[in-house]
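Visitor: I'd like a close look at just one part of this protein. Could you pick a single residue and walk me through what surrounds it?

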Amino acid sequence: MFVASFKLPAAQSQAKAEDMQQQIVRETFHLVSKRDENVCNFLEGGSLIGGSDYKLIYRHYATLYFVFCVDSSESELGILDLIQVFVETLDKCFENVCELDLIFHVDKVHYILHEVVMGGMVLETNMNEVVSQIEAQNRLEKSESGLSAAPARAVSAVKSINLPEIPRNINIGDINIKVPNLSQFV
């Protein structure tokens with residue numbers, strides 16, 4: 001995983017921005033993956049990343065690389081600890097996180113990352129606190145999905161009503177409702 005923030009001039013097209021991002025990802029992968037396992041987990045940023053003004057700090061877990069690009073004033077050990085908290089939180093939220101979790105749930109991964117770091121500032125390093133916030137968000141999403149599914153449940157309930165014939169007029173007190181021909185929906 002690579003976290004980078006850079007701004008291209010507005011005149012450059014979206015394709016050029018994506019090309020630049022891909023070049024940065026390739027360069028970062030090349031710099032990190034060729035390193036021996038018994039060397040330190042931080043190195044100077046590449047030419048596209050900002051050179052000596054930035055550092056790449058990474059951890060390698062099985063087949064996953066977690067890479068943070070930080071300015072040279074950041075503490076390497078602090079960022080390594082931050083990566084550890086992030087990975088443990090992912091592992092707890094996804095129950096043994098793997099590549100597919102990161103690919104298919106990128107929105108949830110970003111949400112978790114934003115619970116830990118936002119705007120370049122570390123917000124929370126207590127994994128239990130982050131997990132409780134994620135669980136609260138999941139409960140909120142489930143309750144909202146129940147509301148958004150209400151129209152579909154209503155349609156399903158109406159379809160399951162077993163009427164011998166579809167009424168053409170419905171009279172409720174002074175209100176008279178004319179029902180259109182719905183035979184094409186049945």
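Guide: Sure, let's go for K55, which sits in strand 3, the stretch covering residues 54-61. Keep in mind that we're looking at a predicted model.

First up, is K55 buried or exposed? Its relative accessibility is 11%, and because anything under 20% is called buried, K55 goes in that group. For the chain as a whole, 24% of the 186 residues count as buried.

Now for the company K55 keeps. If you skip the neighbours within four places in sequence, K55 is in contact with L43 and G45, then with F68, C69, V70, D71 and S72, and also with E74 and E76. Two of those names deserve a pause. One is S72: the K55 side chain reaches its backbone oxygen at 3.2 Å. The other is E76, whose side chain meets that of K55 in a salt bridge, with 2.9 Å from N to O. That pair ties together distant parts of the chain, since K55 belongs to strand 3 while E76 belongs to helix 2 (residues 76-94), and the two are 21 residues apart. As a bit of background, side chains of opposite charge can pair when their charged atoms come close.

How many salt bridges does the structure hold? Just one, and you've now met both partners, K55 and E76. They aren't covered to the same degree, though: K55 is buried at 11% relative accessibility, whereas E76, at 24%, counts as partly exposed. The reason for the two labels is that the cut-off for buried is under 20%.

Let's zoom out to see where strand 3 and helix 2 fit in. The chain has six helices and eight strands, and if you read along the sequence they come in the pattern β-α-β-β-β-α-α-α-β-β-α-α-β-β. Take the contacts between residues at least 6 apart in sequence: 31% of them join residues at least 24 apart.

For a contrast with our charged pair, look at I170, I172, I175 and I177, which make a nonpolar surface patch of about 340 Å². Strand 7 (169-172) and strand 8 (175-178) each give two or more residues to that patch. I170, for one, lies in strand 7 and is partly exposed at 34% relative accessibility.

So, back to where we began: K55 is a buried residue of the strand, and its side chain has both the backbone oxygen of S72 and the side chain of E76 as partners.

Note on methods. Residues are numbered from 1 along each chain as its sequence is written. This is a predicted model: local features need pLDDT of at least 70, side-chain atom pairs count only at pLDDT 80 or more; totals for chains, interfaces and linings use all residues. Side-chain values use heavy atoms; hydrogens and water are left out. Helices (H or I, at least four residues) and strands (E, at least two) are DSSP runs, numbered from the N terminus. Buried means under 20% relative accessible area, exposed over 50%, partly exposed in between (1.4 Å probe, protein chains only). A polar contact is a pair of N or O atoms within 3.5 Å; within protein, one must be able to donate a hydrogen and the other to accept it, and residues adjacent in sequence count only if both atoms are side-chain atoms. Contact means heavy atoms within 4.5 Å. A salt bridge is a side-chain nitrogen of Lys or Arg within 4 Å of a carboxyl oxygen of Asp or Glu. Patches are made of residues with over 30% relative accessible area and no salt bridge: like charges are joined within 9 Å, nonpolar side chains (Val, Leu, Ile, Met, Phe, Trp, Tyr) within 5 Å. Accessible areas come from the Shrake-Rupley method with a 1.4 Å probe; for residues, only the protein chains shown count as cover.
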